[in-house]
Amino acid sequence: MRSISELAIAALPDTWAVRLAGRGDRPGALVWQPQPAHAGDAIAGRRLASGLLLFDGRLVQTEASDPWQIDAPDHAWSDALHGHGWLDDAAATDDPEVWAKLSGWVWAWIDRHHDGSGPGWRPELVARRMVRWISYTIPLLRGASSDRSDALFRTLGQHLKFLTSRRGQTVSDRDRIEALAGLVYGMVSLEGAGGSASRAIRDLAEAADQIIGEDGGVASRNPEDLADIATQLIWIEEAIRATGLEPGPGHIDAIRRAVPTLRTLLGRNAELPRFHGGRSARATGLPDVLSRAPAALPAPPNPAMGFLRMSAGGSVVIVDAASAPAASAQASAHSSALGLEFTHEDQPILVSAGSGQGFGAKSTRSARRRSAHSSIEIANACPSIITATSDPRPEELLEIPGTVRGQVHGDAGSAWALCESTEYEDEFGLLVERRLHLDGDGPTLAGEDTALATRAETRARFTGRFPDNVQACPMAIRFHLHPSIKASHSIASQLIGLILPDGSRWSFRTDAREVTLAPSTYYDRARPRPRAALQIVATSYLIDFWGRITWSFQQIEGA
């Protein structure tokens, strides 16, 4: 049961809740010395110290002594700044001058925002910031005055009380787990807080068991969401055990379900597919995190969270072969059904554009459309409905009709997949099928994509959309190439030649009526601007309620 003070804080506006949380006893020390929970990027740390603040794809240059007086370009940039995750980057440089400058931002934040002002008082941001401060308490206080030490522990106690009362006021599942994991971390780390740790551990276990589904996935079907949640659960499980406590059974069961699913989705080069808002091109620390998961895990599922994995001869294909994310996750859903990503060895070949978040509203919207994925598009239309909302934050919900399903089979040298989608039936009366074959001897990825109206009802719907000419419906297959790949088009032979960064050569062939190389965009949050790329567009037209395009990517032997 929650205390009266917790209920009071939960009901107050943020500023008053923070001030109330600052009253009473405060921790004076750590009861153990936790290791930093996350690895940083030394290059990013040096860039920040030079005044180049790159967060979530937005670059802001400043000569100010601290960033708290800067007008943030968007919410995501502000969240990254106020979450203090950049302390990991500062520590990774192992440079006293960089650390001195960036750690000074912590003291400036405390001076400016300890009263509850500013945008950094959402539960997940409070948890993120508190975890970093606890992780780096020793270097932060090295050589510091007693006043600074008092200020740090006073603000940590304030964070802990605020988070205790507000931990349930999060929007997404990922934020909920981060808030609860941060709460547990604070309780087992700070002096005098351990008495309530058992309740927080129980709440975390219940949330984890609810959020990680029986298939090891999450409602958003975003691989990056699943990776972040699993990472949080694994490191906090280690922290709980390090203090002599035990995580809840639901916590361990959630890890046991999530890790095999992530292993299915993880590419040969530590990449996660970029579907449904996933932005991570490389999840470099994830294999190490997964290796620390509890033993005796189930075999990796296939499909995993609705994604099919095909592998053969050093190639991996991931296909989005399930219906759209749940209604609760429509704010991050993409129209990516039957979309695929193709990697050979450690080189991505076919990709999704990724998430345009951080690159402006137009990019965010276009990245969610069917045309931003290596998938099938009918009549230049996206089979989705966008609804705008402003409560609690401005968002665009993507509702996608129909059902999607698929299955995969394979042997030692090849793999086959059959997928179908009814997303275009309501508007065009068309069932869309994608058949794929991945052959390790070559290697070759071949596909056959069809669209057809088979019933009188669906044919009438199709004719109603094209009353003057039932052959006027275009069917386009898009293949978005990774920006590191060079491509050239031989118009005479309808052949597309590809050159990978390692110098290997591939060919693309198709029986489509038209083949073009067109501009594409690859969103990379580690860069201030989207990367220019190319896409192959193969187009044919439906005849007698039916259309088909066959195609293949094959490595050229000896090249």
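A residue counts as buried under 20% relative accessible area, as exposed over 50%, and as partly exposed in between. The exercises below apply this to a predicted model.

**Exercise 1. Classify Arg435 by its accessibility, and find what its side chain meets.**

Solution. Step one takes the relative accessible area of Arg435, which is 38%, so that Arg435 counts as partly exposed. Step two turns to the partner: the side chains of Arg435 and Glu448 meet in a salt bridge, with 3.7 Å from N to O. This pair links distant parts of the chain, since Arg435 belongs to strand 12 (residues 431–439) and Glu448 to strand 13 (residues 444–452), the two being 13 residues apart. Step three classifies the partner, and with a relative accessible area of 26% Glu448 is likewise partly exposed.

**Exercise 2. Which further salt bridge does Glu448 form, and how many residues apart are its partners?**

Solution. Glu448 also forms a salt bridge with Arg548, whose closest N and O atoms are 3.7 Å apart. Here too distant parts of the chain are linked, for Glu448 lies in strand 13 whereas Arg548 lies in strand 20 (residues 546–555), 100 residues apart. Arg548 has a relative accessible area of 37% and is therefore partly exposed. Elsewhere, Glu425, Arg455, Glu457 and Arg461 are joined into one network by salt bridges that share partners.

**Exercise 3. Describe the salt bridge between Asp288 and Arg292, and classify both residues.**

Solution. The closest N and O atoms of Asp288 and Arg292 are 2.8 Å apart, within the 4 Å that a salt bridge allows. Asp288, at 45% relative accessibility, counts as partly exposed, and Arg292, at 34%, is partly exposed as well. A search of the whole structure finds 26 salt bridges.

**Exercise 4. Is Ala49 buried or exposed, and which residues does it touch?**

Solution. Ala49 lies in helix 3 (residues 42–49). Its relative accessible area is 15%, so Ala49 is buried. Leaving aside residues up to four places away in sequence, Ala49 touches Val98, Lys101 and Leu102. Arg241, by contrast, is 192 residues from Ala49 in sequence and 36 Å away in space, C-alpha to C-alpha.

**Exercise 5. Why does the radius of gyration of the protein chain agree with that of a compact globule?**

Solution. For 559 residues, a compact globule would have a radius of gyration near 24 Å, and because the protein chain has 25 Å, the two agree. The C-alpha trace spans about 80 × 50 × 45 Å along its principal axes, and 54% of the 559 residues count as buried. The protein chain contains 17 helices and 20 strands.

Conventions:
Residues numbered from 1 in each chain as written. Predicted model: local features only at pLDDT ≥ 70, side-chain atom pairs only at ≥ 80, totals over all residues. Heavy atoms only, no water. Helix = DSSP H or I, 4+ residues; strand = E, 2+ residues; numbered from the N terminus. Rg over C-alpha atoms; globule rule 2.2 N^0.38 Å. Buried < 20%, exposed > 50% of the residue type's maximum accessible area, 1.4 Å probe, protein only. Contact = heavy atoms within 4.5 Å.
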